[in-house]
Amino acid sequence: MKREPTIKTLGFFNVDKPSGVVSSAVVNKLKWLCGMPTGHLGTLDPLASGVLPVGVGNATRLFNYFLEKRKTYLAEFTFGVDSDTLDSTGTLVYGGKIPTEEEIIAALPALEGEINQIPPKYSAKNVGGKRGYELARAGIEFELAPKKVQIYSVKLLGKGENENAFRFEIECGGGTYIRSIARDLANSLGTKGVMSALRRTKSGVFSAENVVPYEWFLREDITPAELEEKIIPTDSVLPFPVLEVTEKEVEKLLFGQAVFTANEDGTYKFYNADGSFYGLAEAKGKRVKLVTKLC
């Protein structure tokens, strides 16, 4: 039986996903609470914690508009150990030297910029209609093609919780695997290494400063009004200018017509005549029309 919507505001929850919880569990919980479709803007590994933006309702249509967002992570890499999953949750094989801080710092610049990164085999990458992790768990040999990713910076913060671990701050573009950075850094240092901890502190406009703990959503007495207070309205997170049009032009646009515009080509936020947010418009060649309804 379909659950009726419990909230009216569409937008995003900025969830603080805890380590040990899969991203899909967070999405499904919010879907049940809100009574409408939900979807995350970039999954986090089960080991990872931190910022997980979850769109509610038509906000889930905005994934493509967030593909170029920057993300920031606090990661811990442990050296002298290898893993089939490239992190500490896999089958661990110990061996290899432990680099010094000086050696690590000298190797970091080679990791930055636009690079070709090979994803982990234990990932959701599609290989002949199957997910990489499905093939890996079945013991099937396969190779994943390198993918271009953007790594803006990798900074060493200091030692980790054990003597073989080091902490890093990493700023990168979408689609980057932090586990692969651990592997590649270790390889460049002539050793092995795995990601032993990870926390995402920023994903585009969403940051750790205003996250809502996932545990908050697990309360049995949570009310629709409380959910409304936590949701971030869709238009407030869209980095686009407002389309300035007359009431007559608003009517034409709502009927699917294109109207003349002096604005530059690009994406604009469109509001109804009463000031309520409607969705997105695209301007091209001095003409503008609506392309995405989000209200």
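Accessible areas here come from the Shrake-Rupley method with a 1.4 Å probe, and for residues only the protein chains shown count as cover. On that basis the protein exposes about 15,200 Å², of which carbon and sulfur atoms supply 51%.

This is a predicted model, in which local features need pLDDT of at least 70 and side-chain atom pairs count only at pLDDT 80 or more, while totals for chains, interfaces and linings use all residues. Residues are numbered from 1 along each chain as its sequence is written, and side-chain values use heavy atoms, with hydrogens and water left out.

**The whole chain**

Begin with the full C-alpha trace, which spans about 70 × 50 × 40 Å along its principal axes. Colouring by secondary structure brings out six helices and 19 strands; helices (H or I, at least four residues) and strands (E, at least two) are DSSP runs, numbered from the N terminus. Of the 295 residues, 46% count as buried, where buried means under 20% relative accessible area, exposed over 50%, and partly exposed in between (1.4 Å probe, protein chains only). A contact means heavy atoms within 4.5 Å. Among contacts with a separation of 6 or more, 67% join residues 24 or more positions apart.

**Strand β4 and its two partners**

Select residues 70-79, which form β4. Eight of the 10 residues of β4 are buried, so the strand is largely enclosed by the rest of the structure. Two strands pair if DSSP finds at least two bridges between them. Add β11 (165-173) and β12 (193-203) to the selection. Nine bridges join β4 to β11, and the two run antiparallel; K71 stands opposite C172 in β11. Nine bridges also join β4 to β12, again antiparallel, and the bridge partner of T72 in β12 is K202.

**Helix α4**

Move next to residues 178-188, helix α4. Eight of the 11 residues of α4 are buried, leaving the helix mostly covered. The buried residues are I178, R179, S180, I181, A182, R183, L185 and A186. To display what covers them, show β4, α2 (101-107), β7 (113-117), β10 (147-159), β11 and β12, which are included in that cover. After α4 comes G190, whose phi is positive, near 75°.

**The two largest pockets**

A pocket is defined on a 1 Å grid over the protein atoms alone, as an open set of points where a 1.4 Å probe fits, with protein on both sides within 12 Å along at least five of seven lines; lining residues have an atom within 4 Å of a point. Grid points are joined across faces, edges and corners, and a volume is the space filled by probe spheres set on the points.

To centre the view on the largest pocket, select T43, L44, D45, A124 and Y177, which lie nearest its centre among 39 lining residues. About 990 Å³ of space lies in this pocket. The elements giving two or more residues to its lining are α1 (23-34), β4, α3 (132-137), β11, α4 and β12. By class, the lining has 16 nonpolar, 12 polar and 11 charged residues; Ala, Val, Leu, Ile, Met, Phe, Trp, Tyr, Cys and Pro count as nonpolar, Asp, Glu, Lys and Arg as charged, and the others, Gly among them, as polar.

For the second largest pocket, select S83, D84, L86, P120 and K121, which lie nearest its centre among 20 lining residues. Its volume is about 400 Å³. β5 (81-83) and α4 each supply at least two residues of the lining, which has nine nonpolar, four polar and seven charged residues.

**V93 on strand β6**

Now select V93, in strand β6 (residues 92-94). V93 is exposed, with a relative accessible area of 51%. Neighbours within four places in sequence aside, V93 is in contact with V81 and D82. V93 and V81 are 12 residues apart in sequence and 5.6 Å apart in space, C-alpha to C-alpha.

**The β16-β19-β18-β17 sheet**

Finish at an open sheet of four strands, in the order β16-β19-β18-β17, with antiparallel pairing. β16 (259-260) and β17 (266-271) stand at the edges with a single partner strand each, so one side of each is left without a neighbour in the sheet. Two bridges join β16 to β19, and V259 stands opposite V288 in β19. Six bridges join β18 (residues 277-284) to β19 (residues 287-293). Along this pair, E282 stands opposite K289, and the bridge partner of K284 is R287. The β18 and β19 hairpin has two residues between the strands, and G285 takes a positive phi near 60° there.
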